[in-house]
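I record here what I looked up in this structure, entry by entry. The topics are ring contacts, one helix residue and the pockets.

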Amino acid sequence: MAMAFKMATTGMWVTDECKNSYMDMKWKKVHRYIVFKIDEKSRLVTVDKVGGAGENYEDLAKALPKDDCRYAVFDFDFVTVDNCRKSKIFFIAWSPTESRIRAKILYATSKAGLRRVLDGISYELQATDPTEMGIDLIKDRAK
């Protein structure tokens, strides 16, 4: 098994695939977003879905399940009022109201450990439904 990074607070482990996919998104710009999930049996945080460079925020929103929790990172590219191209990485803690209580607790307590492994996140959002993570909110935070 590949090396994993332990999240001390909950005993969860973050796989190398998570860290490597994140670094590819951050530095090589080969992914637009990454969705992570926790496998409760193996106690591993793994990559659930990766969005290609040509995908957008709507694709990320569609990739999140309506009845289960996930973490996601989204690489948002924009142009400032000074006409400078910039990029900000958003961390999204997705915890829909339809998800199980146990999953909500597990994801809430494991979030800080995953955030420590994913260096360079600019902003964090916590959402329970799609309206709490709309693209307008992303644009406003990135300014």
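**Entry 1: charge and ring.** Over the ring of which residue does the charged end of R115 sit? I found that ring to be the one of F91, with the charged end of R115 placed 5.6 Å from the ring centre. I note at the outset that the model is predicted.

**Entry 2: aromatic pairs.** I next turned to contacts between rings. A pair of aromatic rings is described by the distance of the centres and the angle of the planes. My count came to 7 aromatic pairs. One of them joins F76 and F78, with 5.5 Å from centre to centre and 15 degrees between the planes. I entered this pair as stacked because planes under 30 degrees apart are classed that way. I then followed the ring pairs further and found a cluster made up of Y57, F74, F76, F78, F90 and Y123.

I also looked up how accessible the two stacked residues are. F76 has a relative accessibility of 9% and so counts as buried. F78, at a relative accessible area of 15%, is buried as well.

**Entry 3: the second largest pocket.** F76 and F78 came up again here, since I listed the lining as F76, F78, V79, T80, V81, K139, A142 and K143. The space in this second largest pocket is about 160 Å³. Which elements each supply at least two residues of its lining? I noted strand 5 (70-79) and helix 4 (135-142). Strand 5 contributes the most, with 3 residues. Sorted by class, the lining holds 5 nonpolar, 1 polar and 2 charged residues.

**Entry 4: the largest pocket.** For the largest pocket I recorded a volume of about 260 Å³. It is lined by 16 residues, of which A61, K62, W94, P130 and M133 are the closest to its centre. Helix 2 (residues 57-63) provides the largest share of this lining, namely 4 residues. I classed the lining residues of the largest pocket as 8 nonpolar, 3 polar and 5 charged.

**Entry 5: M25.** I then examined M25, which belongs to helix 1 (residues 16-28). Is M25 buried or exposed? Its relative accessible area is 0%, so I entered M25 as buried. Setting aside neighbours within four places in sequence, I listed its contacts as H31, R32, Y33, I34, V73, D75 and I89. I also looked up the separation of M25 from K88: the two lie 63 residues apart along the chain, and their C-alpha atoms are 11 Å apart.

Terms used:
Residues are numbered from 1 along each chain as its sequence is written. This is a predicted model: local features need pLDDT of at least 70, side-chain atom pairs count only at pLDDT 80 or more; totals for chains, interfaces and linings use all residues. Side-chain values use heavy atoms; hydrogens and water are left out. On a 1 Å grid over the protein atoms alone, a cavity is a set of points where a 1.4 Å probe fits but cannot get out, and a pocket is an open set with protein on both sides within 12 Å along at least five of seven lines; lining residues have an atom within 4 Å of a point. Grid points are joined across faces, edges and corners, and a volume is the space filled by probe spheres set on the points. Ala, Val, Leu, Ile, Met, Phe, Trp, Tyr, Cys and Pro count as nonpolar, Asp, Glu, Lys and Arg as charged, and the others, Gly among them, as polar. Buried means under 20% relative accessible area, exposed over 50%, partly exposed in between (1.4 Å probe, protein chains only). Contact means heavy atoms within 4.5 Å. Rings of Phe, Tyr and Trp (its six-membered ring) pair if their centres lie within 6.5 Å; planes under 30 degrees apart count as stacked, over 60 as edge-to-face and the rest as tilted. A charge sits over a ring if NZ of Lys or CZ of Arg is within 6 Å of the ring centre and within 35 degrees of the ring normal.
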